[in-house]
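Student: Hi! I have a new structure open and I'm not sure where to start. Could you walk me through it?

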Amino acid sequence: MPQWIERMLHAAFSSIDMLAWFPENISTYGKELDDLFKIIYWLCVAIFFLTFGLMGLFMIIYRKREGHKAYNYHGNNVVEITWTILPTMLFFGLGLYSDDMWQTTKYSARVPKADVEILCLGKQFGWYFLYPGADGKFGRNAYNDESARELMSLTNPFGRDTTDPNGADDFVTENQFTVPMNADIVVRGSAIDVIHSFFLPHARVKQDVIPGTWMNIWFNLTKTGKYELACAELCGSGHYSMRAVYTILSPADYDKWLDQKNQESLAIRGLLPTAPAAEATSDSTATAEETSETENGEQ
Amino acid sequence: MNTTAAALGVHADHVGANEHAHEHHHELPWYRKYLFSTDHKVIAKQFMISSFFFLFVGGMFALFIRWQLAYPGQPIPVIGHILPDTWVTEPGSGVITPEFYAQLLSMHGTVMVFLVIIPFATGMFGNFCIPLMLGTDDMALPRLNMWSFWLLPPGGLIMFAGFFTQTGYAGAGWTSYPPLSALTQFPVFTITGQTLWLIAVFLIGFSSILGAVNYVTTILNKRAKGMGLFDMPLTVWALFITAIMVTLGTPVLASGLAMLFFDNFLHTSFFLPDHLVSATGHGFEVGTGQPILFQHVFWFYSHPAVYIMILPLMGVVSDVLSVFSRKPVYGYKAMVFSLVGIATLGFIVWGHHMFQSGMNPLLGTTFMLSTIVIAVPSSIKTFNWLGTIWRGNIHFSAALLSALSFVSMFIIGGLSGIFMASAPVDIFIHDTYFIVAHIHYVLFGGSLFGIFAGIYYWYPKMFGKMLSETWAKRHVFWSFVFFNGTFFPMHVLGVGGHMRRIYDPNVYDFLKGMQPMNEFITVCAIGLGFTQLILVGNIIYHIKYGKKAPRNPWNANTLEWAAPAHPGHGNFDRDITVYRGPYEYSVPGRELDYWPQWEPGKSISVHHHTVAVD
């Protein structure tokens, strides 16, 4: 058998067990979401076999036979009402059951108090992340002050006000971010040009990010490691390449990483104290950081 | 009613006993007969031809997309080296660029929705079936009907013209969300592919509205003598309700498109927020617009559009199942009310396309509940279809097999819809291949198989010839097999997290294991594409060489089968009076297992059975 046929047959057969294809789950609420998927899946499997079974049976039993006449029957209201009410109850119950999970993941009131807060911006075609730095406070920027939107530009996507002392130690990373394990991470997401979508497949997180609006995205990750962020909303020809990598560290390692970033940021500010230049460096930090990360290897 | 009868009477005198009523009151020039005809049957055939043309084009686009996904970076076979230089990475390389890929997927979606399924479902079946099944000579407004077709080809041409603009065709998806679809690097008054897309869809929308107004008018005013609304076949009911949905929904889309056109062409900011940052785009200072507003307007039409694309076929399938099971439709009124239910609920569920869009999550809760309830009328229909074949005497014709494929694929499409109706489950599968699988199960497995059923069922009346049943069955069988091979594994890709609309999945580590699956899908898709040539060949060959069709080849009850085998302008050669509902099959007390609507005779109804009495 040619190799490609073998490969394809294997693919066809492995598609039968759909549930096995989920990427590994690494977030706290991911398991609940997966379980809800599984409940619906088994419900659908049951309905599938019921309806297809009946159809197959009818096709065999009631196939055309000579001398046989069909049964003239126009239907029955009791039956109609039964098969109206039963699915209504079933589906409505499913909706109500789903709602609490929906509220947990998306309602602003249910977003937990942030252990780590990051700003995130999508652009054609990549991602920027802004950390509050050593003081844990963001300076004035387009997220916390609408009027700072005027400062937004390709070199200063977050519209950071360099005159604000709180923002002096804020730092930007590009196409990668780092978060601690077992902490409530809150990402305030937006975009600078078109709509993108913040998709962490392993954490079961997806949220469109829209220019002009900030979305609250939260998650709590249960594992250390390196995982991928993808854009899930068509944003132009480079949509497919809008990939970022995030690293989950243990709390101790995360503190170490944060210290190191702060040192870097201090060093750069010590070298280049003037305001406009400092702004430019925040981006070059990002670039430098990214290059070094890439060299360290993501394999 | 009187005028109809008079017109029919005149026509009947004129044509006499001639079965093939090609004569007209006066001979029309050829362009009035074949191009700018006001005859509803000619217009139906025009819709059919244009839809098949666009089906071919849209299908080719799909295969380009599939090739890139299965064999990224490898040249398109056969025609790769003749593709224009702007579409490929290097001249003559045959490998398509990411830009062209984005254009292909946008074009595939737009063409299939606006130029294939809607024209097939409402244009072709609406025009062909409504006057014939109502027993009348033509539409109420024949000239408007002609215009409803003739807005379509210019729309299609304008859309395709986008390929020849500087930026190529619109690449923002068939949904064309702003800001992506509004931002251009060009000054005002520059025509881009996206601008042309907006104009074209606007025109096609008008084509739909003109047709729909006509259908509603015809159905309300031109039913044959004795035909009440509840004596109409379900095909006509479905088209009636669809037409109402079109008249309510399409103007909203038109308004959204107009606003987007202004943003795109005149640089207004209906949908653009302030201080957008992009290397070249306009809209830097302007704007208090809200991008999500467009999504609301778009989906307010485009979710009902999903039902516009499938309701007519639900009607067709109900008719076909009844005829070939030789049984009345189970729960006729329940079928009508569930159509009304789907249409009504269809207008309050649009937000389920936007669960992850950033709209207020409280709306997510409401839309989740309304969406999940719309599964109810759909399941009522499914159970009634099963009830229709129950205790029937099933003739396995190609039309019946297509109709059963419709029902079974609609079940799968409906079930996969439950996943995404549940908002928290949708978080993961939104914008993945799971959604792609779902929409194709509904629109290809559903609508297109319904269209096959309708074509196989009405072909004898359309062309006066019989199709080859053998080839028709082969076509349905292989379509069914390849369809499932193509689209079922897409659910699996979706569960794996495979995003839709991506040019090269190998960029991501977590998608690397899915290459064999993508390859399998592509091979099946190519098979599916080629299988459709059987259908086209069957249709074209038998127009000339087919066996002559009798008046009523399927022994069916509805009025179109009272017309001559190949009806001319004016349709009927006798006066039509309706004596009963459309589904009196296998009535006890009758020799024949069918009882046409136009045949006199008395019956009584006893416990949901009809009994003939003398």
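Tutor: Sure, with some vocabulary to begin. Helices (H or I, at least four residues) and strands (E, at least two) are runs assigned by DSSP, numbered from the N terminus. Two strands count as paired if DSSP finds at least two bridges between them.

Student: And what kind of model is this, and how are things labelled?

Tutor: It is a predicted model, in which local features need pLDDT of at least 70 and side-chain atom pairs count only at pLDDT 80 or more, while totals for chains, interfaces and linings use all residues. Residues are numbered from 1 along each chain as its sequence is written, with chains lettered from A and ligands numbered from 1 in the order in which they are written.

Student: Okay, chain A. How many helices and strands does the secondary structure come to?

Tutor: Chain A has 5 helices and 10 strands. Its domain assignment, which is automatic or from a database, gives domain 1 (3-109) and domain 2 (113-296).

Student: How far apart are the C-alpha centres of domain 1 and domain 2 of chain A?

Tutor: They lie 41 Å apart. The two domains do meet: 9 residues of domain 1 of chain A are in contact with 12 residues of domain 2 of chain A. Contact here means that the C-beta atoms, placed from the backbone, lie within 7 Å.

Student: What classes of residue are on the domain 1 side?

Tutor: The side of domain 1 that touches domain 2 of chain A has 3 nonpolar, 5 polar and 1 charged residues. For the classes, Ala, Val, Leu, Ile, Met, Phe, Trp, Tyr, Cys and Pro are nonpolar, Asp, Glu, Lys and Arg are charged, and the others, Gly among them, are polar.

Student: Now the sheets. Which strands make up the one with order 3-2-1-5-8, and which are at its edges?

Tutor: Reading that order across chain A gives an open sheet of 5 strands with mixed pairing. Strand 3 (171-174) and strand 8 (215-220) of chain A are the edge strands, each pairing on one side only. Inside this sheet, 4 bridges link strand 2 (residues 126-131) of chain A to strand 3 of chain A, and the two run antiparallel. One bridge pairs A:Y131 with A:F171 in strand 3 of chain A.

Student: Anything odd around there?

Tutor: Yes, a cis peptide bond joins A:Q124 and A:F125, with omega about -5°. A:F125 sits in the loop between strand 1 (116-123) and strand 2 of chain A.

Student: What about the sheet with order 4-10-9-6-7?

Tutor: That one is also in chain A, an open sheet of 5 strands with mixed pairing. Strand 4 (176-180) and strand 7 (205-209) of chain A have a single partner strand each, so one side of each is left without a neighbour in the sheet. Further in, strand 9 (residues 225-231) and strand 10 (residues 243-249) of chain A run antiparallel and are joined by 6 bridges. Among the paired residues, A:A230 has A:R243 of strand 10 of chain A as its bridge partner.

Student: Let's bring in chain B. How many residues does each chain give to the contact?

Tutor: Chain A gives 88 residues and chain B gives 96. The largest share of the chain A side, 15 residues, comes from helix 3 of chain A. By class, that side has 47 nonpolar, 24 polar and 17 charged residues.

Student: Is helix 13 of chain B mostly covered or exposed?

Tutor: Mostly covered: 24 of its 24 residues are buried. Buried means 20 or more other C-beta atoms within 10 Å of a residue's own, exposed means 12 or fewer, and partly exposed is in between, with C-beta atoms placed from the backbone.

Student: Which loop comes before helix 13, and what's in it?

Tutor: The loop between helix 12 (375-389) and helix 13 of chain B holds B:R391. B:R391 has a positive phi of about 55° although it is not a glycine, and its 18 C-beta neighbours inside 10 Å make it partly exposed.

Student: What about B:R501, buried or exposed?

Tutor: B:R501 counts as buried because it has 21 C-beta neighbours inside 10 Å. B:R501 also has a positive phi, about 65°, without being a glycine. You will find B:R501 in the loop between helix 16 (469-495) and helix 17 (515-545) of chain B.

Student: Last one: where is B:P179?

Tutor: B:P179 lies in the loop between helix 6 (152-161) and helix 7 (193-221) of chain B. The peptide bond from B:P178 to B:P179 is cis, with omega near 0°.
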